[in-house]
Amino acid sequence: MTGLVLLLVLGLVFSVAYGSQRITASAASLHDADESLRSATVVRAQLALAGHMAAVDEANGTNSTRFIQHSLQEAEDARANLDQGLELLSAAELLDESGRAAAVAFQEVVADTFGAIATPGEDLRALQTPLSEAFDVLVDELVEVRNGLSARVAAADQLLGQVGNLARFLVAFLVPAAVIIIYRELTRRQQRQAELETRLEAERQLNLAQEQFIANASHELRTPLTSIMGMSMMLAEDQEVRHEPRLAELVGFIVGESEELARMVEDLLTVARLDAGALTYSFEDFEVDAELQDMVEAANRNGAHVKISAEPAMIRADRLRFRQVVRNLLSNARKYGGSNMRISGRVDGRTYVCAVIDDGDGVPSQLIPRLFKRFIHQGEDTASKDSVGLGLSIVQSLAHGMGGSISYDRIEGESYFSVRMPLKGTIVNASSDQQHSLDRVPA
């Protein structure tokens, strides 16, 4: 009799565990299906809104760029969520061949719509019908998956209900054992919760310590670095050193490497301030062509060979942060670009477009969507070799913080990093971190 009861108890336990596992797995997949449906709806709605505003702008000569960019960003975020949800559903083998085909078709139409909106003169209305059709087909597939999961959850729940009815008959005989089991389970859950909270607190403290270390180390590095730069520049001006070509070359190398190290330290400080929300801007009107010419001359003195062709103009920006942006782009071009580098600048409407151009191999296509992220990787190596991988992310943050934008293009065998800054007299919103450039401006 005791053995029979034990077998019955074990059967109940395993039934409950199996039913709970099925409900958990099905509920997670059901959540993925619902999120995919929601994301697909957001993608379609935001693309339709962006396309409508772009068509209105083209027809009436209005400018809704900011709102279009916001809609496209919302669509891009939703598309990323949709891709993740579809991957999870495919991994769980819940999407059949027709479902995967519908997902691929919708993604292709979405990509075409993104491209059409970013291309002036495209007929956006012609893409609305394919977008709606692909959306409807995908929604039908996802609804079918969701309904199947709902039925699976209901079946598992019904199984648990039957097990519960059986357990009620045995409760009078198994109360002591049930109390012990429940107590042990609650204790384990409390232990897991405590361990999770401990790990989360440790990670938070680690991140805080890392940020403080970066800020403190950067400040500590500045003092000896300033002395090294000052003394090396004094050596570079010394007449005896100038008359010794080998010494002049070595001193020039020291000066160049010191300036590069100073740029890296400034980048670390900028990252720390950005993370702490303590980065401020001092806006002023200044001649951008003179600043660019000054930076090119300094770069050429350090061994670079940069040409410049910049229209004169007055821009509204933080002078030091603007120089940091251009210095980082020049450093990026020297390290990873071709031997022929140049800077071009021109006025475009109420903005000034400054492009740093080189004839190198360009950025690999798989890295372009993450080009301005921190610490991007290509295989086992960082995408920015010999670097901490912060330069381009800082360029984007600073450009947006000054009311501008940054973009990358590959045009006729050359790489273009184009910075767009507001002209003098433009009201600059320093909190414009959400702005993103859709322009593709060959200089």
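## Strands β2 and β4

Let's start with one pair of residues: serine 309 has serine 344 as its bridge partner in β4. This is a predicted model, and the pairing of β2 with β4 (residues 341-348) is parallel, with 5 bridges joining the two strands.

## The sheet around them

Stepping back, β2 and β4 belong to an open sheet of 5 strands with mixed pairing, ordered β2-β4-β5-β9-β8. At its edges lie β2 (306-310) and β8 (405-411), each of which pairs on one side only. From one strand to the next, the twist averages 20°.

## Helices on the sheet

Helix α7 packs on this sheet, where it touches β2, β4 and β5 (351-358). The direction of α7 makes about 175° with that of β2.

Another helix, α9 (residues 391-401), lies across β8 and β9 (414-422). Its direction runs at about 130° to β8.

## Where α7 meets α8

Besides its place on the sheet, α7 (residues 288-301) has a helical neighbour: its axis and that of α8 (residues 319-336) come within 11 Å and cross at roughly 45°. That angle makes α7 oblique to α8, and their crossing is right-handed.

On the α7 side, the contact involves Val288, Glu291, Leu292, Asp294, Met295 and Ala299. Their counterparts in α8 are Arg319, Phe322, Arg323, Val326, Arg327 and Arg334. Sorted by character, the residues of this contact comprise 6 nonpolar and 6 charged, with no polar ones.

Conventions
Residues numbered from 1 in each chain as written. Predicted model: local features only at pLDDT ≥ 70, side-chain atom pairs only at ≥ 80, totals over all residues. Heavy atoms only, no water. Axes fitted to C-alpha atoms, helices over the stretch in contact; angles between N-to-C directions. Helix = DSSP H or I, 4+ residues; strand = E, 2+ residues; numbered from the N terminus. Parallel < 35°, antiparallel > 145°, perpendicular 65-115°, else oblique. Left-handed = near helix turned anticlockwise from the far one by under 90°. Contact = heavy atoms within 4.5 Å. Nonpolar A, V, L, I, M, F, W, Y, C, P; charged D, E, K, R; others polar. Pairing = 2+ DSSP bridges.
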